[in-house]
Amino acid sequence: MTRMLPVVCLLLAPALAGADVWDVQAQNDNTDATENELVHGSDQLHDLGVLPGPDADWYRLSQQAYSSYEIVVDATSGDIGGTSSPLLAVDRVAAGTTTVIQTSESVGTGPSRSLRFRNTGGTTIDTERIRITTTACGTTCGADDVYRIRAYDTTYAIPRFNNSATQTTVLMIQNPTNAPVGVIVYFWDTAGTLLLTHVPPAPLAPKSLYVLQTQPILPGAAGAITISNLAPFGRLAGKAVALEPATGFSFDTLMTPIPH
Ligand SMILES: [Ca+2]
Ligand SMILES: [Ca+2]
Ligand SMILES: [Ca+2]
């Protein structure tokens, strides 16, 4: 019977709203000094209850070289967002400032938000933060005013292209979404040296297929491909097809997102 006692106590306890523990630590997430760091696959539930001043939730995200990212905020409770304007703000902010580098876009016609961006450089960016605030409920925001945040590395990989000897490789990227998508294609040799950065002349049109003959731009080369992009996580499709004219064989290598 004694082992049942804790269970009885739990059943008798009043239901408590989940507290946003990141808000109330001495080292909290209310400034850019936050120690809450998002990684690929992060999935957290927060609130924007007043502290008593307005709450702001800040996140770190280490942006790796030549990589792209998506932040998704959904599961918003009724008071926290709005559909007529972005009352729920999901911003990319320069650390040490209040300078907004990028604001989010709506996912659909509701209050959910998506923020997509990429690091086009060759070094890691650790000087930016993700900041979430709302003007929807103001000083009446409570612990019930919650949202869910997820983070994704949206970079794709294709582990083989081959233009050596008589083989040639064609790269195909499909944009099945209803919006234009900017992509950047990086070609690497097998030792990991960047051979070429290819930027298509325009963002890929909705529902379009981009076809790139890689032999003319990388004659004799072989290695692997990564693709940074501004699509929602996992929404692009594609492959590299290596053709061997002497035998008529072709070798497909799929373009894959980072598993999640
Ligand atoms: Ca919070
Ligand atoms: Ca906070
Ligand atoms: Ca509320």
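Analyst: A strand is a DSSP run of at least two residues, and strands are numbered from the N terminus. The model discussed here is predicted. On this basis K207 lies in the loop between strand 14 (194–198) and strand 15 (209–213).

User: What is the sign of phi at K207?

Analyst: Most residues other than glycine have a negative phi. K207 is not a glycine, yet it has a positive phi of about 65°. With a relative accessibility of 51%, K207 counts as exposed, because the cut-off for that class is over 50%. Y66, also not a glycine, has a positive phi of about 55°. Y66 is found in the loop between strand 3 (57–61) and strand 4 (67–74).

User: How should a metal site be read, and which residues are the protein donors of the calcium ion (ligand 1)?

Analyst: For calcium, donors are N, O and S atoms within 3.2 Å, and sites may look incomplete because water is not among the atoms. The calcium ion (ligand 1) has donors from D20 (OD), D23 (OD, twice), D47 (O), D55 (OD) and D57 (OD, twice), lying 2.2 to 2.6 Å from it. Along the chain these donors follow the spacing D-x2-D-x23-D-x7-D-x1-D. D20 lies in the loop between helix 1 (5–12) and helix 2 (21–24), whereas D47 belongs to strand 2 (residues 43–47), so the pair ties together parts 27 residues apart in sequence. Both D20 and D47 are buried.

User: Which residue bridges the calcium ion (ligand 1) and the calcium ion (ligand 2)?

Analyst: D23 bridges these two ions, which lie 3.5 Å apart.

User: Which residues are the protein donors of the calcium ion (ligand 3)?

Analyst: They are D79 (OD), D144 (OD, twice) and D145 (OD, twice), at 2.4 to 3.0 Å from the ion. The donor residues are spaced D-x64-D-D in sequence. D79, in the loop between strand 4 and strand 5 (88–94), and D145, in the loop between strand 9 (128–134) and strand 10 (146–153), link distant parts of the chain, 66 residues apart. D79 is partly exposed, with a relative accessible area of 43%, whereas D145 is buried at 0%.

User: Which residues touch the most other members of the largest nonpolar core?

Analyst: A nonpolar core joins buried residues through side-chain atoms within 4.5 Å. The largest such core has 20 residues, of which L171, I173, F187, I225, I227 and L236 touch the most other members. At least two residues each come from strand 11 (156–162), strand 12 (168–174), strand 13 (183–188), strand 15 and strand 16 (222–229). The residues that I173 touches include V185, L204, I227, L236 and M255. Apart from this core lies another, of 17 residues, including I71, V90, I132 and A151.

Terms used:
Residues are numbered from 1 along each chain as its sequence is written. Chains are lettered from A and ligands numbered from 1 in the order in which they are written. This is a predicted model: local features need pLDDT of at least 70, side-chain atom pairs count only at pLDDT 80 or more; totals for chains, interfaces and linings use all residues. Side-chain values use heavy atoms; hydrogens and water are left out. Helices (H or I, at least four residues) and strands (E, at least two) are DSSP runs, numbered from the N terminus. Buried means under 20% relative accessible area, exposed over 50%, partly exposed in between (1.4 Å probe, protein chains only). Donors are N, O and S atoms within 2.8 Å of the metal (3.2 Å for Na, K and Ca); water is not among the atoms, so sites may look incomplete. Contact means heavy atoms within 4.5 Å. Lists of a residue's contacts leave out its neighbours within four places in sequence.
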